[in-house]
Amino acid sequence: MTSQFYMPTRVVAGRDCVRVQGSLLLPLGGRALVVTGGHSARLCGALDDVTAALTANGQAFEVFDKAVPNPTVDSVYAGVERVREFGADFLVAIGGGSPLDTAKAIALVAAQEVPREALFTGGLRDEALPLACVPTTAGTGSEVTQYSILTNDEAGTKTSLALPCLFPRLAFLDGKYTLGLPRRVSVNTAIDALSHCVEGMLSNLAGDITDALAREGCGRICACLPGLERGELTEAERDSLLLASTLGGMVIAATGTTAVHAMGYSLTYHRGIEHGRANGLLLPAFLRFCARGNASLVDRALSACGMSSVDELEGALGRLLGERERLTEEEIRQYAAKAIQTGNIAKCAVRPTQTDLEEMYRESLG
Ligand code: NAP
Ligand code: FE
């Protein structure tokens, strides 16, 4: 069996890397739209570092701080308008997965003049404005993936745009931006990263390279579970989680995500459950399902986590997640019917049916 690994993003990591290596932004263009959420990019110091680097480079910039959690199509097109008005020829995204994914979609739509009704229909060219990303959460790994995940109201779910041009040109990893993350965001994002690593190992596109990255990511994240539970992470743990999150992104760039993410999107879209939390609620049931079809695959993922059973992982996640949301039978049927239609299902090394998905929802949230 052969496998592939392609990840064209230049990753710069270390304390103050934006200021020290900011000249790497120079080849991206002359005028930047800096895409952020409402507050955190300013509060964590990343916006200051980016604007200082752009200023030192002599690059003009404008800040678009209207990215919202679970990015909407409206926010993307508002950003595209700002690109046009300002004449931006590249983007810098600062934030969690939401501003990063918003900027990717803006970069795509602005380069191709994509009409709104064509955004999710496929058939887009592989062309986007250059983008640099500065993650301020340790979770999505979006800074090294070719995905932009948007809220798709037409389909009533979240939909992933996936094109090679969506790989950012540059990613700056500086854990200092994550030092002030509130416990809830730290927990949810760490679980998202863990889910990327574990799902990557349970994907039929997994290979030796992604497995090596995933094992390292799982080990780092699980070493931080006690700190996440206490709500007290050391600076070294914050740095380690950010690295693990980027490793998780590299994994899913090659393997895609599986049934956990497919099922999680409905929890987020219909019930407002945060993305990482949704994955954490569903991951143990998916592992139990996979173990029935391929026990050794699941054992390898568990051992990467330093766990001896799914129950042990479920216990650790349960302590982080607290009280679970509950679904009605009607919701379970509706969400499973949506999840089965996603491309993620075909990527599962042990492939679930719609009934299996219903059973996993029931086991997790029934
Ligand atoms: P997020 O939605 O980007 O941010 C969640 C919250 O955290 C926001 O309120 C944000 O505030 C705040 N925040 C961000 N950085 C902070 C900091 N340093 N200090 C304090 N608060 C901070 O959360 P996320 O979990 O990182 O991203 C989730 C999104 O990414 C979902 O839409 C998911 O589908 C997507 N995702 C994408 C990929 C991919 O490969 N593209 C992979 C997995 C998930 P502000 O709004 O003020 O910034
Ligand atoms: Fe995710």
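**Exercise 1. Ligand contacts**

Which polar backbone atom lies 2.8 Å from an oxygen atom of ligand 1? Work from the predicted model, then list further polar contacts of ligand 1 and state how far the protein covers the ligand.

*Solution.*

Step 1. The backbone atom belongs to G97, at 2.8 Å from a ligand oxygen.

Step 2. On the side-chain side, D101 places a polar atom 2.8 Å from a nitrogen atom of ligand 1. The side chain of K158 has an N or O atom 2.7 Å from an oxygen atom of the ligand. With a cut-off of 3.5 Å for a pair of N or O atoms, the K158 pair at 2.7 Å qualifies as a polar contact.

Step 3. Taken on its own, ligand 1 has 950 Å² of accessible area, and the protein covers 85% of that area.

**Exercise 2. The shell around the ligand**

Determine how many residues surround ligand 1, how they divide by class, and which elements supply two or more of them.

*Solution.*

Step 1. The shell holds 30 residues, and the closest are S40, S98, T137, T145 and K158.

Step 2. Sorting by class gives 10 nonpolar, 16 polar and 4 charged residues.

Step 3. Two or more residues come from each of α5 (97-112), β6 (147-152) and α6 (183-201). The most come from α5, which gives 5 residues.

**Exercise 3. Helix α10**

Check the span of helix α10 against the expected value, then decide whether the helix is largely enclosed or not.

*Solution.*

Step 1. Helix α10 covers residues 259-271, 13 residues in total. From first C-alpha to last the helix reaches 18 Å, close to the 18 Å expected at 1.5 Å a residue.

Step 2. Buried means under 20% relative accessible area. The buried residues in α10 are A259, V260, H261, A262, M263, G264, Y265, S266, L267 and T268.

Step 3. Because 10 of its 13 residues are buried, α10 is largely enclosed by the rest of the structure.

Step 4. The packing partners of these buried residues are β6, β7 (157-162), α6, α11 (275-293), α14 (329-339) and α15 (354-365).

Step 5. Just after the helix, G272 has a positive phi of about 70°.

**Exercise 4. V298**

Is V298 buried or exposed? Locate the residue, list its contacts, and give its separation from S266.

*Solution.*

Step 1. V298 sits in helix α12 (residues 295-304).

Step 2. Its relative accessible area is 2%, so V298 is buried.

Step 3. Leaving out residues up to four places away in sequence, V298 touches L202, L287, C290, A291 and V310.

Step 4. S266 and V298 are 32 residues apart in sequence, and their C-alpha atoms are 25 Å apart in space.

Terms used:
Residues are numbered from 1 along each chain as its sequence is written. Chains are lettered from A and ligands numbered from 1 in the order in which they are written. This is a predicted model: local features need pLDDT of at least 70, side-chain atom pairs count only at pLDDT 80 or more; totals for chains, interfaces and linings use all residues. Side-chain values use heavy atoms; hydrogens and water are left out. A residue is near a molecule or strand if one of its heavy atoms lies within 4 Å of it. A polar contact is a pair of N or O atoms within 3.5 Å; within protein, one must be able to donate a hydrogen and the other to accept it, and residues adjacent in sequence count only if both atoms are side-chain atoms. Accessible areas come from the Shrake-Rupley method with a 1.4 Å probe; for residues, only the protein chains shown count as cover. Helices (H or I, at least four residues) and strands (E, at least two) are DSSP runs, numbered from the N terminus. Ala, Val, Leu, Ile, Met, Phe, Trp, Tyr, Cys and Pro count as nonpolar, Asp, Glu, Lys and Arg as charged, and the others, Gly among them, as polar. The expected span of a helix is 1.5 Å times one less than its number of residues. Buried means under 20% relative accessible area, exposed over 50%, partly exposed in between (1.4 Å probe, protein chains only). Contact means heavy atoms within 4.5 Å.
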